[in-house]
Amino acid sequence: MYKIRNISMIYDMDTDEKLYALGGFDLDLPDTGLVGIIGPSGSGKSTLMYCLSTLKKPTEGIVEYNGKDITSISSSEQEKLRRKEFGFVFQKHYLVPYLSACENVMVAGTGSDDDVGKKTEKYLKDLGLKEREFRKKPAKLSGGQCQRVAIARAMINDPRVLFADEPTASLDHENAFNVMRILKEYSKERLVVVVTHDRSILGDVDMMVELWDGNLSNVTTR
Amino acid sequence: MRPRSAFKYIKENKGRSILIIFMFFLTVVQAVAGNFIESMTWYWERAFLYDDRAPMVGAVSSDEEFRDFEAVMKDLTEDSDLIVLRRSSLGYPGLDWKCTMGYEMGSVSYVVDNRDDLQKLFDRMGVECDLTNVGQRSVVMSKALAANRGLKLGDTLDSSVDSNITGKYTFDAMIDDDSFILFYVESNPDNSLRAYVMSDDLEGDALRSRIEDIIGDRNVMMSQSLRKAVTEQFAPFNLIFLASAFLVSIMLSVTVNSVLTGHYLKRIYEFGVYRAIGWTRRNVIGKVFCEIIVMDIIAILLGVAVMLLATFMLDQLVYMPSGQYLPYVSKIGIAGAVLSNILVVVPSMILQGRRMAKADVTEF
């Protein structure tokens, strides 16, 4: 699904001391499965995810998604990709505080109100939320529940690729494993890319990409 | 209610929204200030109408000019379209009265020789009034002017009422309109060197133009159009009002934008996520526009309702009992409110819309 060639990302391009977030490497990602991108802080794992998801444009290199270089497509095409084919789970769930759990999922939906409403309820149920929690605002939900809502929001348009940036960072161990179980299940038919610095949650990954100082240090496929 | 809708945001964030709606509301109530400005000319509307229907011509001072005046009178009387009412050329003052702005304004006066002439004058002016009690040294005025000056039928008007009045007159008939004009009935046959010229078919500029043609280059004066004279005098008030509305709006715009900036910066994560999940710039800007426009529409509706209610209360409790009136709507008031609303709302929409469209989840 992804062919990444010679990808590099340089911050502070205008200064003498250039900061290489990504140092120029090649990487291929499969059509389905759970891919873990791991590395210490500053290793470039989030930057790589942003480049894969069109949220950032790499300084150099190609990111080919389904045979098309997505670094050179127009911003409206990138927006369409993010809307139709990609889903996002962020480290801090970033739920809209004044919307209920249900509405936070629906706000990302692109279909008819009826379809989006039905799918929202299904996903929230599948993710273990009780019906009485559907109407609760994020402030009334636990961290784990909020992250499940965020995952449901990411799934609402049935994306082909789901990106999760440190999805378990604000969760306790039990909730962290529950979230990873959900993502693993979802990755059976889609590609799920999880960025983390916590190796312990990546026990079930199909592919592990290890980054160090913006370069690939190891790629393991199971 | 759809989660993306502006109403949803307003409903769930009442405190913040009320603050912004209140600020937008302030732009609308500027119309009241405009209404006060326009109220000054509104008082003159009747006077303009009457003046358009009965302009005055008069002799100046020398014998030769008196002869010219008589010749003009003869020509005017011979014109079948015109009706001429000769009157005394002595000075008859109007009554000063207090307007809604709180200061005193002068007024115009009409003088006729007798009740029949007054009836002819009223017929052309379109005034309905019972003149049964009117005789020599009578005064007729409107209910509004009488209330403004605290006068009632039967009262005597002399220098104790207004220092400009010489002699004694009796308030014998009341007109049921809002004119601020005094009608005297007094005959001075030895000094009848003025006249009102009226017509059943002509008024305003057409009537004046006909009279001017008849006067020609003879030394007879015709009163200038009251509408033009008064409108010219009040024009600076309109400009001052619009300029002050502009300045107030600029200050309000800066304040509103500071509040809105703080308000939207708290939501930068929300819009960052929207952008990340594929909302276009247009979607984000559209959401901000909709939220601001909906709050503005609420503010406008509230503003109009409050303004009408306040005007009604002021008129009923304060102004009408003293013969004054604050209009509910005015051109200058609408212009001020629209100017103010645009100056406050449009920059808010553009600035906040652009800012939120740039929200980037990767920078949080």
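Here is a walk through a two-chain predicted model, from confidence to chain A to the contact between the chains.

Some housekeeping: residues are numbered from 1 along each chain as its sequence is written, and chains are lettered from A and ligands numbered from 1 in the order in which they are written. Since this is a predicted model, local features need pLDDT of at least 70 and side-chain atom pairs count only at pLDDT 80 or more, while totals for chains, interfaces and linings use all residues.

On confidence, the model scores ipTM 0.90 and pTM 0.81. Chain B has a mean pLDDT (the predictor's confidence in each residue, from 0 to 100) of 90, with 99% of its residues at 70 or more.

Now to chain A. You'll find seven helices and ten strands there, counted as DSSP runs (helices are H or I, at least four residues; strands are E, at least two; both numbered from the N terminus). Its C-alpha trace spans about 55 × 40 × 35 Å along the principal axes. Of its 222 residues, 47% count as buried, meaning 20 or more other C-beta atoms, placed from the backbone, lie within 10 Å of the residue's own. Contacts are pairs whose C-beta atoms, placed from the backbone, lie within 7 Å. Among those in chain A with a separation of 6 or more, 71% join residues 24 or more positions apart.

So where do the chains meet? 15 residues of chain B are in contact with 19 residues of chain A. On chain B's side, α1 (6-12) and α10 (268-276) each supply at least two residues, and α10(B) gives the largest share, four residues.

Methods:
Buried ≥ 20, exposed ≤ 12 C-beta atoms within 10 Å, placed from the backbone.
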